[in-house]
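User: Could you take a close look at the cysteines in this protein for me? I would like to know which ones are bonded and where they sit.

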Amino acid sequence: ATTAAALAPARYFDQRLDHFDGSNPTNWSQAYYVNDTFWTGAEGSPVFLCVGGEGPAFDGTVVGGGGGSVHCNNAAEWLEEKGAIMFAVQHRYYGCNGGPAADMKDCPVARWTSDVNADLHFLSSHQALADLANFHAYATAKYDLAPDAKWISWGGSYPGMLAAWVRLKFPNLIHAAVSSSAPVRAKVEMTEYNNIAAAAYSVASVGGSAACTAAITAGHAKIGAMMNTSSGRDALASQFHLAEGSAWLAERANQRAFAGEGVAYFPSQGNDPSSTQPMSNIALICATMINATLGDEVARLALVSKGQGGQTGLKATRSTSPRARRARRNFNNANSMPDFWGWQTCTEFAFYQTCDVDSTCMYTRGLDLLEDEMAFCQTDFKIPMALVEQNVAQTNVRTGSDHPAGSRVLWVNGEVDPWHGLSVLKPLSPSMPAIWVKGASHHAWTHPSPDCTQDTVIKARADIRAQVEQWLESA
């Protein structure tokens with residue numbers, strides 16, 4: 001048995017490169033972690049499977065120890081009580097270190113080339129699900145698991161999608177699933193994201209208010225008008241200390257970068273009520289935004305920006321948009337990696353987060369539109385918008401969208417997490433229950449217990465365990 005889960009090393013097994021081409025014999029080494037510290041192999045001992053996803057990449061703490069990880073720590077902390085063994089399987093591609101070919105131990109391809117579409121050809125959720133099914137067979141033999149052992153899959157966000165789907169697709173292998181903050185309904189334009197983010201700033205339990213949302217919205221509307229005049233741009237450059245100067249704001253692309261997804265970082269998906277860092281959560285931001293003695297709404301937004309360290313031009317942390325978070329590939333750098341998540345949005349999910357004129361988005365509306373968010377599909381991957389739409393429709397047909405058929409999947413979502421707009425919020429059947437966590441951000445309950453300070457999150461963890469316990473006792 002492993003005695004130091006905190007130091008759990010990456011292990012590897014041979015995985016098929018393409019599960020859907022019987023003529024392709026190519027294998028690659030997929031990484032996984034295991035904690036068998038508390039596992040005795042006794043009858044009824046469950047198997048916990050933590051599903052990997054787009055990041056952060058797994059390390060040895062994912063299966064327990066070392067303070068834990070953000071992925072499946074509610075499962076890892078339950079191992080001793082249940083006498084369970086736990087595996088965590090790294091998602092294909094997302095564990096790649098991007099180094100020279102000799103160091104790319106856990107990548108499906110030997111090296112990155114200038115043909116990004118060929119490099120990413122084997123990156124998809126359906127390949128990832130087949131990876132998990134193949135791992136089930138490998139682990140059952142390698143660790144001498146009972147053929148009827150009850151496997152429980154766990155995951156949050158994209159891994160939450162996979163955790164649900166692997167149960168629904170392979171009910172003969174996976175006994176039950178806990179799917180946390182999983183947007184299982186693929187959608188081209190995800191207007192829900194910024195609309196829900198705006199509503200989050202009105203949630204009183206985390207320090208928000210209707211006045212706060214209104215102030216942020218009004219400030220961004222004023223900024224939109226100011227950017228249309230020379231004097232207004234001068235004032236904004238001064239207030240927000242823009243290193244590029246006021247002329248920079250005359251271009252629409254720069255206006256979008258500055259205000260299309262917020263002139264500061266407004267956490268909702270990543271809201272941490274316990275944070276004390278300046279302007280780092282809803283409560284601290286709202287305390288400034290509703291304080292009229294600090295100036296008008298634009299002046300207050302500038303104070304929020306300053307409290308976060310100031311904004312100079314396009315800053316990725318300013319936006320919650322996948323496009324803003326994308327790491328642009330530099331083909332002149334041999335160690336650079338392709339845009340994995342960008343590829344999956346173009347080929348499977350989309351999820352493009354916009355701030356339309358007719359939305360309730362609280363940023364400067366009309367600057368961040370669908371064509372802006374998804375333009376990279378064509379420029380980077382030569383995938384036109386019409387094909388993205390077809391890909392999204394196909395994904396929903398294949399997975400069942402937000403109304404899949406099946407059993408023993410628990411859907412858990414947080415109130416201030418914008419991703420809940422495309423998830424399952426109400427029970428689909430007695431065997432497909434749902435938990436709504438008031439005031440909670442993106443799968444906050446999967447984090448280590450010391451980080452789970454909200455009463456609602458603590459209760460959600462207990463409710464999750466109770467449901468899984470019930471399923472473990474069922475035939």
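Analyst: Happy to help! A disulfide is a covalent bond between the sulfur atoms of two cysteines. Here a pair counts as one when the two sulfur atoms lie within 2.5 Å. Please keep in mind that this is a predicted model.

The structure has 5 disulfides. One of them joins Cys96 and Cys107, whose sulfur atoms are 2.3 Å apart. Both partners sit in the loop between β4 (85-89) and α3 (116-119), 11 residues apart. Cys96 is buried, at 6% relative accessible area, and Cys107 is buried too, at 5%.

Now let's move on to a bond between helices. Cys212 and Cys286 form a disulfide with their sulfur atoms 2.1 Å apart. Cys212 belongs to helix α7 (residues 210-226) and Cys286 to helix α10 (residues 282-289), so 74 residues separate them along the chain. The torsion about their S-S bond is about -85 degrees, so this disulfide is left-handed. Both Cys212 and Cys286 are buried.

Cys346 and Cys377 are another bonded pair, with an S to S distance of 2.0 Å. Their S-S torsion is about -90 degrees, which means that this disulfide is left-handed. Because Cys346 lies in helix α13 (residues 340-349) and Cys377 in helix α14 (residues 370-381), the bond ties together parts 31 residues apart in sequence. Both Cys346 and Cys377 are buried.

If you number the bonded cysteines in sequence order, the pairing reads 1-2, 3-4, 5-6, 7-10, 8-9.

Finally, why does Cys452 not bond to Cys72? The closest cysteine sulfur to that of Cys452 is in Cys72, 13 Å away, which is too far for a bond. Cys452 is buried, with a relative accessible area of 7%.

How values were computed: Residues are numbered from 1 along each chain as its sequence is written. This is a predicted model: local features need pLDDT of at least 70, side-chain atom pairs count only at pLDDT 80 or more; totals for chains, interfaces and linings use all residues. Side-chain values use heavy atoms; hydrogens and water are left out. Helices (H or I, at least four residues) and strands (E, at least two) are DSSP runs, numbered from the N terminus. Buried means under 20% relative accessible area, exposed over 50%, partly exposed in between (1.4 Å probe, protein chains only).
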